[in-house]
Amino acid sequence: MQINYNLKTASERRTEQFEPKENVGFGNLRTDHMFLMDYRDGEWRDPRIVPYGPFEIAPGAIALHYGQSVFEGAKAFKHDDDEIYTFRLNKNAERLNRSADIICIPALDESMQLEAINALIDVDRLWFPMQEDACLYIRPFIFATEDRLSVSPSEEYTFCVILSPSGPYYSDGFDKAIRLLISERFHRAVPGGTGASKAAGNYAASLKAGRAAAEYGAAQVLYLDANNKQIEEVGAMNHFHVLKDGTVIIPTFTDTILKSITSESILELGDVLGCVVRQETVMLDKFIADIESGEIIEAGGFGTAAVVSPVGSYIFEDNRIVTVGDGHVGKHTRRIYQVLTDIQKGKVEGPQGWMQLVNRVT
Ligand code: PLP
Ligand code: COI
């Protein structure tokens with residue numbers, strides 16, 4: 001792919017490695033550039049890296065009205081050799097296409113996605129924030145740009161990648177277990193719907209639920225299936241729990257659960273973690289009874305942004321609270337976080353191919 005570079009002038013660009021004095025937080029900052037590519041006349045064309053800035057978009061663009069837009073979230077890390085490595089980006093590229101297919105967006109060759117992201121990180125590599133637990137958060141997305149008000153798939157799209165120099169997702173750190181609201185009122189996905197995709201609309205639909213969670217003092221909602229029988233996932237994370245023998249259980253992926261790359265990684269790391277990690281259908285009644293009997297000792301969420309989010313308690317809409325174990329971060333949850341983040345940071349070697357060097361292209 002021939003990428004056209006339209007870079008900021010040397011004096012406008014960052015010239016020294018980013019060394020923030022304070023925690024930069026998650027998702028707040030942007031780098032100097034973004035990657036763009038358009039879909040027109042049946043093909044993806046015009047790959048380019050340009051200064052980060054506003055788009056010109058038609059007021060009638062389909063994405064603005066009907067939400068035909070998908071996104072991904074991935075991370076890159078700096079290792080001791082001072083090079084930047086992406087974590088399992090091929091899985092994100094694959095999933096972007098799966099999400100795209102679910103809402104009729106044309107696929108974008110996965111190797112092109114990887115090349116685009118590589119080139120962008122390379123151009124903005126000085127933006128990697130040199131601080132504890134930092135990463136470059138990678139946000140690729142595709143949105144429908146055709147100016148048309150009838151409801152059918154757009155004929156035109158833009159693929160964009162932006163980067164966010166980020167610190168840890170939870171500013172309180174990993175030591176604080178969160179509370180989740182178990183809601184029977186809000187549902188994130190239904191069979192045959194778009195729940196297994198990272199379609200933008202899924203997240204718009206979760207906003208009201210997020211507000212309700214906050215009213216209950218909870219960080220997020222733990223969604224149930226449409227019949228309120230099974231545990232599905234959290235708004236931006238898969239869910240897991242740990243049995244007293246150390247077995248880690250993640251709800252089986254279905255078309256109402258996003259196939260989390262973090263969950264897939266934990267499933268693949270079972271041997272390294274020294275415990276069984278498996279998937280099964282998780283029934284709400286049994287889940288709660290098992291917490292109360294002590295059969296379940298830990299729980300949490302898996303996702304790129306936070307990696308592992310320990311859950312200390314659940315609250316129901318009638319204000320009933322169920323505390324997991326002693327309500328604090330458990331040793332299994334801690335170990336999972338440690339093992340995965342050590343691999344990401346290059347402290348220990350992970351499975352073949354998980355970390356990919358960002359080549360110096362420019
Ligand atoms: N579930 C939902 C709905 C999400 O938005 C995310 C975040 O991407 C996840 C799960 C976790 O997926 P991953 O581990 O690939 O980030
Ligand atoms: C991620 O974990 O990367 C996500 O995409 C979640 C996001 C909605 C913050």
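1. Start with the tyrosine at ligand 1. In this predicted model, a polar side-chain atom of tyrosine 203 lies 2.4 Å from an oxygen atom of ligand 1. Glutamate 233 also makes a polar approach: one of its polar side-chain atoms is 2.5 Å from a nitrogen atom of ligand 1. Arginine 95 adds another, with a polar side-chain atom 2.7 Å from an oxygen atom of the ligand. Taken alone, ligand 1 exposes 380 Å², and the protein buries 97% of that.

2. Next, the shell around ligand 1. It holds 16 residues. Those that come nearest are Lys198, Tyr203, Glu233, Thr262 and Thr304. By class, the shell divides into 6 nonpolar, 6 polar and 4 charged residues.

3. Where does ligand 1 sit? Ligand 1 occupies the largest pocket. Three elements give two or more residues to its shell: β12 (237-243), α6 (261-268) and β15 (296-303).

4. Now ligand 2. Ligand 2, too, sits in the largest pocket. Its surroundings are Phe71, Gly73, Tyr137, Arg139, Lys198, Tyr203, Ala236, Thr304 and Ala305. The shell splits into 5 nonpolar, 2 polar and 2 charged residues. Lys198, Tyr203 and Thr304 appear here and are also listed among the residues that come nearest to ligand 1.

5. Which atoms approach the oxygens of ligand 2? Tyrosine 137 places a polar side-chain atom 2.7 Å from an oxygen atom of the ligand. For lysine 198, a polar side-chain atom is 2.8 Å from an oxygen atom of ligand 2. Alanine 305 uses its backbone: an N or O atom there lies 2.9 Å from an oxygen atom of ligand 2. Taken alone, ligand 2 exposes 290 Å², of which the protein buries 84%.

6. Two backbone angles deserve a look. Aspartate 133 has a positive phi of about 55°, although it is not a glycine. This aspartate lies in the loop between α3 (110-123) and β7 (135-144). Is aspartate 133 buried or partly exposed? Aspartate 133 counts as partly exposed because its relative accessibility is 31%, between the limits of 20% and 50%. Asparagine 228 is the other case, with a positive phi of about 60° although it is not a glycine. Its place is the loop between β10 (220-224) and β11 (231-234).

7. Glycine 60 is a loop residue, set between β3 (43-51) and α1 (62-66). Its relative accessibility is 9%, so glycine 60 counts as buried; the cut-off for that class is under 20%. Glycine 60 and arginine 334 are 274 residues apart along the chain, and their C-alpha atoms are separated by 48 Å.

8. Last, threonine 9. This residue is found in the loop between β1 (4-5) and β2 (33-40). Threonine 9 counts as partly exposed because its relative accessibility is 44%. Its C-alpha atom and that of lysine 78 are separated by 25 Å, with the two residues 69 apart along the chain.

Conventions: Residues numbered from 1 in each chain as written. Chains lettered and ligands numbered in written order. Predicted model: local features only at pLDDT ≥ 70, side-chain atom pairs only at ≥ 80, totals over all residues. Heavy atoms only, no water. Near = heavy atom within 4 Å. Polar contact = N/O pair within 3.5 Å; in protein donor to acceptor, adjacent residues only side chain to side chain. Areas by Shrake-Rupley, 256 points an atom, 1.4 Å probe, with all protein chains shown as cover. 1 Å grid on protein atoms, 1.4 Å probe; cavity = no way out; pocket = protein on both sides within 12 Å on 5 of 7 lines; lining within 4 Å. Sits in = over half its atoms within 2 Å of the grid points. Helix = DSSP H or I, 4+ residues; strand = E, 2+ residues; numbered from the N terminus. Nonpolar A, V, L, I, M, F, W, Y, C, P; charged D, E, K, R; others polar. Buried < 20%, exposed > 50% of the residue type's maximum accessible area, 1.4 Å probe, protein only.
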